[in-house]
Amino acid sequence: MVQIKNTKTLQIRSFITKEDGSYQFQGLSPDVDYELKADYQGASSGTKVLSAFDSRRIAIMNLKLGKK
């Protein structure tokens with residue numbers, strides 16, 4: 001599961017990844033920073049930030065799970 005947190009409103013959305021681990025969030029505000037992290041069977045990734053200063057229309061964020 002991947003979680004994305006809006007750092008302005010603190011709202012958290014969760015997404016169950018596809019079998020290959022891919023995920024997608026749509027409708028994100030371009031003027032807000034977001035924090036992303038992944039969790040799977042007790043393992044977690046570090047948190048990554050998608051910055052409002054990142055001008056890409058499609059941002060690819062690879063999240064690597066650490067050991068339990």
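**Figure 1. Strands β1 and β3 lie side by side in this predicted model.** Let's start with the pairing of β1 and β3, the latter covering residues 34-40: the two strands run antiparallel and are joined by five bridges. A handy place to look is Q3, which stands opposite K37 in β3. Once you have found that pair, you can follow β1 in either direction for the views below.

**Figure 2. Strand β1 shows its side chains to two faces.** β1 spans residues 2-6, and its side chains alternate along the strand. Which of them are buried? V2, I4 and N6 are, and these three point to one face. Q3 and K5 point to the other face and are not buried. If you are browsing residue by residue, stepping from V2 to Q3 takes you from one face to the other.

**Figure 3. Strands β1 and β2 make a hairpin.** β2 holds residues 12-15, and four bridges join this strand to β1 in an antiparallel arrangement. Two bridge partners help you find your way along the hairpin. K5 of the first strand is partnered by I12 in β2, and V2 has F15 in β2 as its bridge partner. Between the two strands there are five residues, and L10 in that turn is the topic of the next view.

**Figure 4. L10 sits in the loop between β1 and β2.** What is special about the backbone of L10? Its phi is positive, at about 70°, although L10 is not a glycine. Most residues other than glycine have a negative phi. Is L10 buried or exposed? With a relative accessible area of 54%, L10 is exposed, because over 50% counts as exposed.

**Figure 5. Strands β3 and β4 form a second close-up hairpin view.** β3 and β4 pair in the antiparallel sense, here over two bridges. Two residues lie between the strands of this hairpin. One of them to look for is Q41, found in the loop between β3 and β4, where β4 is made of residues 43-44. Q41 has a positive phi of about 45° and, like L10, is not a glycine. At 57% relative accessibility, Q41 counts as exposed.

**Figure 6. D39 is a residue of strand β3 with several contacts.** D39 stands opposite S44 in β4. Which residues does D39 touch, once neighbours within four places in sequence are set aside? They are M1, Q3, S44 and L65. How accessible is D39? The relative accessible area is 21%, so D39 is partly exposed, since buried would mean under 20%. For a sense of distance, pick T7: D39 and T7 are 32 residues apart in sequence, and their C-alpha atoms are 19 Å apart in space.

**Figure 7. Strand β3 also pairs with β5.** β5 covers residues 48-50 and runs antiparallel to β3, with three bridges between them. To find this pairing, look for Y34, which stands opposite L50 in β5. Together with the earlier views, this shows β3 paired with β1, with β4 and with β5.

**Figure 8. Stepping back, the whole chain is built with five strands and zero helices.** Read along the sequence, the pattern is β-β-β-β-β. The C-alpha atoms fill a box of roughly 35 × 20 × 15 Å along the principal axes. How does the radius of gyration fit the expectation for a compact globule? For 68 residues the expected value is near 11 Å, and the chain has 12 Å, which agrees. Among contacts between residues at least 6 apart in sequence, 35% join residues at least 24 apart.

**Figure 9. The surface and charges of the chain complete the set.** Of the 68 residues, 19% count as buried. The chain exposes about 5,400 Å², and carbon and sulfur atoms supply 51% of that area. How many charged side chains are there? The chain has 11 positive and 7 negative ones, and the centres of these two sets lie 3 Å apart.

Key:
Residues numbered from 1 in each chain as written. Predicted model: local features only at pLDDT ≥ 70, side-chain atom pairs only at ≥ 80, totals over all residues. Heavy atoms only, no water. Rg over C-alpha atoms; globule rule 2.2 N^0.38 Å. Buried < 20%, exposed > 50% of the residue type's maximum accessible area, 1.4 Å probe, protein only. Contact = heavy atoms within 4.5 Å. Areas by Shrake-Rupley, 256 points an atom, 1.4 Å probe, with all protein chains shown as cover. Lys, Arg positive; Asp, Glu negative; His and termini not counted. Charge placed at Lys NZ, Arg CZ, Asp CG, Glu CD. Pairing = 2+ DSSP bridges.
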